[in-house]
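Subject: Handing over the structure

Hello,

Here is the structure I promised to pass on to you. Please open it alongside this email, and my notes on what I found follow just below.

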Amino acid sequence: MNLESILIVFAASVVELWLGIPLGLVMEINPVLIIIFSATGAILSAIAITILGENLRARLVKWKYGDETALKETRMYNLWNKYGIIGLGLLSPLIFGAPLGAAVGIALGAEKKGLILWMSIGIVIWSIALTVAGSMGLLALETMVK
């Protein structure tokens, strides 16, 4: 394990959490470091998308839906009303990744601070869960092979 491996996990997690964690496990990085650096990378990407995405929201809504009224008639908007920012923040890192989850939140009109908070909580939870599951899976595989 070296600084280069940790930076690879961090950079991969900026793109996708599902990419950074397995890379860290394959490179035999300490699971605690995998959790820290994969979560940090994913959180930074969510923050960047949230900050930059606010300016693009109006153009995206106009291009895709025409106006706010058409957006509010979509299935995604109905799910948004049902589960809100908490559901999006907790589930999006697992389902479609932190950057896309942040973009969806901004497109649906989420408040920035709340979106960043709940995305961060979701990212940390899934970083821990996926790293533990991956580590346990590798241990089980090693045990079976021996």
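A residue is called buried here when its relative accessible area is under 20%, and exposed when that area is over 50%. That cut-off is worth keeping in mind for helix 7, whose buried residues are G114, L115, M119, S120, G122, I123, S127, L130, T131 and S135. Please also bear in mind that this is a predicted model.

**The overall picture**

The protein chain has 7 helices and 0 strands, so reading along the sequence gives the pattern α-α-α-α-α-α-α. Of its 146 residues, 38% count as buried. Among the contacts with a separation of 6 or more, 72% are between residues 24 or more positions apart.

The UniProt record, an unreviewed entry, annotates residues 7–26, 32–52, 85–110 and 116–141 as "transmembrane region". Two of those spans can be set against the model. Residues 7–26 are 95% helix and 0% strand, with end C-alpha atoms 14 Å apart. Residues 85–110 are 81% helix and 0% strand, and their end C-alpha atoms lie 7 Å apart.

**Helix 1**

Helix 1 runs over residues 3–15, which makes 13 residues. From its first C-alpha to its last it reaches 19 Å, close to the 18 Å expected at 1.5 Å a residue. At its start, a side-chain oxygen of N2 comes to within 3.2 Å of the backbone nitrogen of E4.

Which residues of helix 1 are buried? They are S5, I6, V9, A12 and S13. These residues cover an arc of only 130 degrees around the axis, which puts them on the same side of helix 1. As a general point, an α-helix has 3.6 residues a turn, so residues three or four places apart point the same way. The face of helix 1 turned away from its buried side carries the exposed residues L3, E4 and V15.

**Helix 2 and the loop after it**

In helix 2, the buried residues are L17, G20, I21, G24 and L25. Down the axis of helix 2 they fall within an arc of 130 degrees, so they line one face of the helix. I21 is a good one to click on: leaving aside neighbours within four places in sequence, I21 is in contact with I34, S38, W126, S127, L130 and T131.

Helix 2 is followed by E28, which lies in the loop between helix 2 and helix 3. E28 has a positive phi of about 60 degrees although it is not a glycine. Is E28 buried or exposed? Its relative accessibility is 68%, so E28 counts as exposed.

**Helix 3 and its partners**

Two residues of helix 3 are worth a visit. A42 lies in this helix and is buried, with a relative accessible area of 0%. Setting aside neighbours within four places in sequence, A42 is in contact with S13, V14, L17, A98 and I123. A42 and I123 are 81 residues apart in sequence, while their C-alpha atoms are 6.9 Å apart in space.

S45 is also found in helix 3. With 7% relative accessibility, S45 counts as buried. Its contacts, again without neighbours within four places in sequence, are S13, V14, A98 and P99.

**Helix 7**

How does the span of helix 7 compare with what its 34 residues should give at 1.5 Å a residue? The expected span is 50 Å and the end C-alpha atoms are 48 Å apart, which agrees. The N-terminal end of helix 7 is capped by E111, with a side-chain oxygen 3.1 Å from the backbone nitrogen of K113.

**The nonpolar core**

Finally, the largest nonpolar core has 24 residues, and those touching the most other members are I21, A46, W80, A98, L115, M119 and I123. Helix 1, helix 2 (17–26), helix 3 (31–65), helix 5 (75–95), helix 6 (98–107) and helix 7 (112–145) each supply at least two residues of this core. Its largest share, 5 residues, comes from helix 3.

Enjoy looking around, and write back with any questions.

Best wishes

Key. Residues are numbered from 1 along each chain as its sequence is written. This is a predicted model: local features need pLDDT of at least 70, side-chain atom pairs count only at pLDDT 80 or more; totals for chains, interfaces and linings use all residues. Side-chain values use heavy atoms; hydrogens and water are left out. Helices (H or I, at least four residues) and strands (E, at least two) are DSSP runs, numbered from the N terminus. The expected span of a helix is 1.5 Å times one less than its number of residues. Buried means under 20% relative accessible area, exposed over 50%, partly exposed in between (1.4 Å probe, protein chains only). The arc is that of the directions from the helix axis to the C-beta atoms. A polar contact is a pair of N or O atoms within 3.5 Å; within protein, one must be able to donate a hydrogen and the other to accept it, and residues adjacent in sequence count only if both atoms are side-chain atoms. A nonpolar core is a set of buried Ala, Val, Leu, Ile, Met, Phe, Trp, Tyr and Cys residues joined through side-chain atoms within 4.5 Å. Contact means heavy atoms within 4.5 Å. UniProt positions are given in the numbering used here, feature names are shortened, and annotations may be inferred rather than shown by experiment.
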